[in-house]
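Hi there,

Here is the structure I promised to pass on. Have it open while you read, and my notes will follow below.

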Amino acid sequence: MMVEIYVKPVIRMALPALALALAAVSFAADLTGNWVVAEDMHDGTFRRTYLDLKQDGANVGGHIRTTQNYFTVSASTPAGTDAWTLSAHMVDGRGERLATYAVKLAGDELHVAIQRPGRGPAAEMVAHRAPAGEGAYPARVEPAALHKVPSNGLAKTPPMGWNSWNKFAGRIDDATVRSIADAMASNGMKDAGYQYINIDDTWEADHRDAQGNITTNKKFPDMKALADYIHAKGLKLGIYSSPGPNTCAGYDGSYGHEEQDAATWAAWGIDYLKYDWCGARNLYKDEEMQAVYQKMGDALHKTGRPIVFSLCQYGRQDVWKWGPEVGGNLWRTTGDIRDAWDSMAKIGFDQDPLASYAAPGHWNDPDMLEIGNGGMTDTEYRTHMSLWAMLAAPLLAGNDLRSVPKPVLDILTNRDVVAIDQDKDGRQGRRIWQSGDQEARQEAWIRELAGGAQAIAIFNRAAADANVTLKWSDLGMKKAPKSARDLWEHREVSLIGAGYSGNVPGHGVVLLRVGK
Ligand code: GLA
């Protein structure tokens with residue numbers, strides 16, 4: 001009994017007087033039982049939080065299952081005869097997280113206020129009694145021994161497309177996805193190489209059918225019909241799930257149903273899966289990630305359908321070292337991007353050490369594009385696009401494609417820049433030169449391209465414009481390149497003399513393609 005080991009010493013040491021007083025208090029109230037809070041998501045699903053509690057006099061123990069986390073009550077302190085403050089901890093694969101739950105019995109209701117460190121004011125909710133066992137956390141399934149999942153032969157160049165999360169988050173539905181596909185097929189993006197329409201989290205129902213098949217919520221009435229529609233446009237459809245029982249947004253994950261879900265997606269005509277760790281952290285340690293991802297890699301392989309496998313576990317456990325082993329075509333290298341210069345720059349410019357792990361079929365993924373979402377200037381979005389191209393990063397637009405201002409469309413569809421990203425040799429660019437302070441410095445990156453050409457990006461991370469002078473030797477060259485094209489100015493530039501000298505706007509970039 002973890003509660004006794006943990007709680008009693010705490011009370012004795014910290015609150016001896018209260019402990020003595022409590023002996024005399026009688027706890028007529030009994031909150032023992034399973035309690036549920038169901039939040040209506042207005043898409044036909046409910047997000048449920050279960051508090052499975054056991055009261056023993058002054059002490060309360062048990063478990064709390066939120067939409068994506070599983071807590072064990074590790075200490076309880078009475079706050080009257082019918083109220084307690086519960087300390088609950090979860091193990092998230094690599095450490096402990098704590099939350100405090102203030103609970104109070106009020107007739108047939110349990111009033112709950114949750115406080116998580118650093119998460120602002122307590123969230124309040126009202127729980128009702130639920131049948132015993134409902135919402136119980138599934139038992140852990142041991143992952144299989146490590147082996148090599150055969151390569152699917154996909155993503156010879158970094159995947160290009162669109163994903164719903166950055167702009168729409170939970171406000172994505174069938175009609176919106178169709179209209180985004182219409183836009184991509186007609187606004188020049190498809191012609192520029194964009195292909196995947198990826199539905200992120202929140203498409204799932206909150207229960208499986210009688211055979212255990214995953215089903216959609218009412219925002220997506222017929223996923224097969226949607227796939228047919230997307231395919232008829234010459235585009236491909238992607239979907240999202242988690243190796244845990246729940247996704248990050250608290251919807252149903254694929255835990256315990258991996259092969260069944262892969263088969264369902266294949267039958268729907270899905271072409272791409274983003275598989276997001278989230279709920280799996282309650283069951284597995286970070287060290288087990290490879291084995292857990294391998295399970296879905298095997299399941300996708302077994303379907304026989306070509307499905308791009310995108311690993312989303314925020315770059316933990318040096319995923320770039322084992323991503324290809326589990327059949328992964330791309331792996332997130334960082335936490336979530338935000339539509340802000342600081343976030344984009346920190347993520348993008350930190351990618352240099354991972355260059356050697358990118359290769360045709362297997363890409364580092366510094367997260368989806370924020371271009372056009374409004375939090376950065378067009379100059380900054382050109383830097384975002386250029387940097388992702390230099391990094392051989394997947395180009396997954398994250399804006400509303402139905403209403404793209406011309407300058408934003410010009411950034412996303414710049415053929416010369418897309419060609420850098422999609423270079424068939426798949427060698428990720430490296431930082432070769434830098435000057436100034438970390439966050440405000442100028443940097444030059446080089447990417448080796450097929451046939452001996454090179455892309456040179458000169459970035460200015462400072463807010464103010466900068467004059468940059470580089471010697472050819474700074475770029476590892478013996479002499480001036482034979483030709484150079486400025487890929488944003490769309491013109492040839494003459495490069496003579498000892499190096500390159502030019503103005504780079506604040507937070508901007510000069511992107512050149514040079515021939516030797
Ligand atoms: C995580 C991922 C995001 C997005 C959300 C959806 O935060 O990193 O890219 O998929 O989950 O819930």
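A word on terms before anything else: helices (H or I, at least four residues) and strands (E, at least two) are DSSP runs, numbered from the N terminus. You should also know that this is a predicted model, where local features need pLDDT of at least 70 and side-chain atom pairs count only at pLDDT 80 or more, while totals for chains, interfaces and linings use all residues. Residues are numbered from 1 along each chain as its sequence is written, and side-chain values use heavy atoms, with hydrogens and water left out.

**The whole chain**

The protein chain has 13 helices and 24 strands. Its C-alpha atoms fill a box of roughly 90 × 50 × 45 Å along the principal axes. Of the 516 residues, 55% are buried, meaning under 20% relative accessible area (exposed is over 50%, partly exposed is in between; 1.4 Å probe, protein chains only). The chain exposes about 21300 Å², and carbon and sulfur atoms supply 52% of that. Those areas come from the Shrake-Rupley method with a 1.4 Å probe; for residues, only the protein chains shown count as cover. Now for contacts, which means heavy atoms within 4.5 Å: among those between residues at least 6 apart in sequence, 65% join residues at least 24 apart.

**Ser241 and the ligand**

Look for Ser241 in strand S11 (residues 236–241). Is Ser241 buried or exposed? Ser241 counts as buried because its relative accessibility is 0%. Setting aside neighbours within four places in sequence, Ser241 is in contact with Gly253, Ser254, Trp265, Leu273, Lys274, Tyr275 and Asp276. With Ser254 there is also a side-chain polar contact of 2.7 Å. A polar contact is a pair of N or O atoms within 3.5 Å; within protein, one must be able to donate a hydrogen and the other to accept it, and residues adjacent in sequence count only if both atoms are side-chain atoms.

Two of those names, Lys274 and Asp276, come back at the ligand. In total 13 residues surround the ligand, and the closest are Asp200, Asp201, Lys274, Asp276 and Asp336. To be counted there, a residue needs a heavy atom within 4 Å of the molecule. A polar side-chain atom of Lys274 lies 2.8 Å from an oxygen atom of the ligand. For Asp276, a side-chain N or O atom is 2.9 Å from a ligand oxygen, and for Asp336 the distance is 2.5 Å. Taken alone, the ligand exposes 310 Å², and the protein buries 92% of that.

**Helix H8**

Helix H8 (residues 289–303) has 15 residues and reaches 22 Å from its first C-alpha to its last, close to the 21 Å expected at 1.5 Å a residue. That expected span is 1.5 Å times one less than the number of residues. Buried residues of H8 include Met289, Tyr293, Met296 and Leu300. A handy rule: an α-helix has 3.6 residues a turn, so residues three or four places apart point the same way. The cover over the buried residues of H8 includes helix H7 (258–268), strand S12 (272–276), strand S13 (308–312) and helix H9 (319–322). Right after H8 comes Gly304, with a positive phi near 80 degrees.

**A six-stranded sheet**

Six strands form an open, antiparallel sheet in the order S17-S18-S19-S24-S21-S22. Strand S17 (430–435) and strand S22 (491–492) are at the edges with a single partner strand each, so one side of each has no neighbour in the sheet. Strands pair here if DSSP finds at least two bridges between them.

Strand S19 (residues 454–460) has seven of its seven residues buried, so the rest of the structure largely encloses it. Gln454, Ile456, Ile458 and Asn460 point one way from S19, while Ala455, Ala457 and Phe459 point the other way. Strand S18 (residues 442–448) pairs with S19 over seven bridges, and Ile446 stands opposite Ile456. S18 and S19 make a hairpin with five residues between them, and Gly451 in the turn has a positive phi of about 80 degrees. S19 also pairs with strand S24 (residues 509–515), over six bridges, and Ile458 stands opposite Val510 there.

Over at S22, two bridges join it to strand S21 (residues 483–486). Arg485 stands opposite Glu492 in S22, and their side chains share a polar contact of 2.9 Å.

Have a good look around!
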